[in-house]
Amino acid sequence: MTTFDGLNEEHTKVIEKARQRVMDSIGKNMDLYGVTMSIGHLYGNMYFHDGPVTLDEMGQEMGMSKTSMSTGMRALVDLKMINKVWGKGSRKDLYEVEDDWHQNFVEYFSIKWRKSMEMNINSLHKSLTELKKLREENIDHEPLVALVDMDIVRMNHAIQYYRWLGRFIDALETGQIFDWIPKEEPE
């Protein structure tokens, strides 16, 4: 954690309370990324750290075992929310927070959404093929044709949505989204 050298106790308490509130909020919202609250707290602690940290340092600071800390760090590295970095003279792995939250969002959600989109489009195309075949083979069966036609319209509508989602994901991945909704400049 950042040292509080030169600050009085009152100033230190205000800063610690403000940081803790943010860390708690991050921890509670990390389920959005598919990770536990404790991993969210780990990320929050690292966010306010001044420079890279080791597993041992974070484990000691948070009162977590080295195994739990290693699992948490690995999850955050996989999410590209923290990076393993090199530190001169250190034989231990060092980790630091990825500061670009916009990029964290883009990488995580574009991967998840694209995977979901492709899976759903494949299912829709397979189902459409089967329904069109059923329709052709039973063209004189009016109730069947009416029901199949209704499903085909709905499935085509879903495919249109997924094509739009694909363009949205492309806009995230290329950074074009930031032309439409610019990142705010740091204060």
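**Entry 1. Largest pocket**

I began with the largest pocket and found that helix H1 gives the largest share of its lining, three residues. The model is a predicted one, in which local features need pLDDT of at least 70, side-chain atom pairs count only at pLDDT 80 or more, and totals for chains, interfaces and linings use all residues. Residues are numbered from 1 along each chain as its sequence is written, and side-chain values use heavy atoms, with hydrogens and water left out.

I noted that H1 (9-29) and helix H5 (101-137) each supply at least two residues of this lining. Helices (H or I, at least four residues) and strands (E, at least two) are DSSP runs, numbered from the N terminus. I listed the lining as Ser25, Ile26, Asn29, Met30, Leu32, Tyr33, Tyr43, Met81, Trp101 and Asn104. A pocket here is an open set of points on a 1 Å grid over the protein atoms alone, where a 1.4 Å probe fits, with protein on both sides within 12 Å along at least five of seven lines; lining residues have an atom within 4 Å of a point.

I sorted the lining by class and obtained seven nonpolar, three polar and no charged residues. Ala, Val, Leu, Ile, Met, Phe, Trp, Tyr, Cys and Pro count as nonpolar, Asp, Glu, Lys and Arg as charged, and the others, Gly among them, as polar. I recorded about 190 Å³ of space in the pocket, a volume being the space filled by probe spheres set on grid points joined across faces, edges and corners.

**Entry 2. Asn104 and Lys80**

I then looked up Asn104, one of the lining residues, and placed it in helix H5. Asn104 counts as buried because its relative accessibility is 3%; buried means under 20% relative accessible area, exposed over 50%, and partly exposed in between (1.4 Å probe, protein chains only). Leaving aside residues up to four places away in sequence, I found Asn104 touching Tyr33, Tyr43, Lys80, Met81 and Glu98, where contact means heavy atoms within 4.5 Å.

I followed the contact to Lys80, which is found in the loop between helix H4 (66-78) and strand S1 (82-85). Lys80 is partly exposed, with a relative accessible area of 43%. Its phi is positive, about 60°, although Lys80 is not a glycine. Most residues other than glycine have a negative phi.

**Entry 3. Helix H6**

I checked the span of H6: its 33 residues reach 48 Å from first C-alpha to last, close to the 48 Å expected at 1.5 Å a residue. The expected span is 1.5 Å times one less than the number of residues. The buried residues of H6 include Val145, Ile152, Tyr162, Gly166 and Leu172, and the buried residues of this helix pack against H5 and helix H7 (177-180).

I examined Gly166 within H6 and found it buried, with a relative accessible area of 10%. Gly166 touches Arg114 and Met117, residues up to four places away in sequence not being counted. The C-alpha atoms of Gly166 and Ser110 are separated by 9.1 Å, at 56 residues apart along the chain. Just after H6, I noted a positive phi of about 85° at Gly175.

**Entry 4. Confidence**

I closed with pLDDT, the predictor's confidence in each residue, from 0 to 100. The protein has a mean pLDDT of 91, and 98% of its residues reach 70 or more. Among its elements, helix H3 (residues 55-62) has the lowest mean, 89, and H6 (residues 142-174) the highest, 97.
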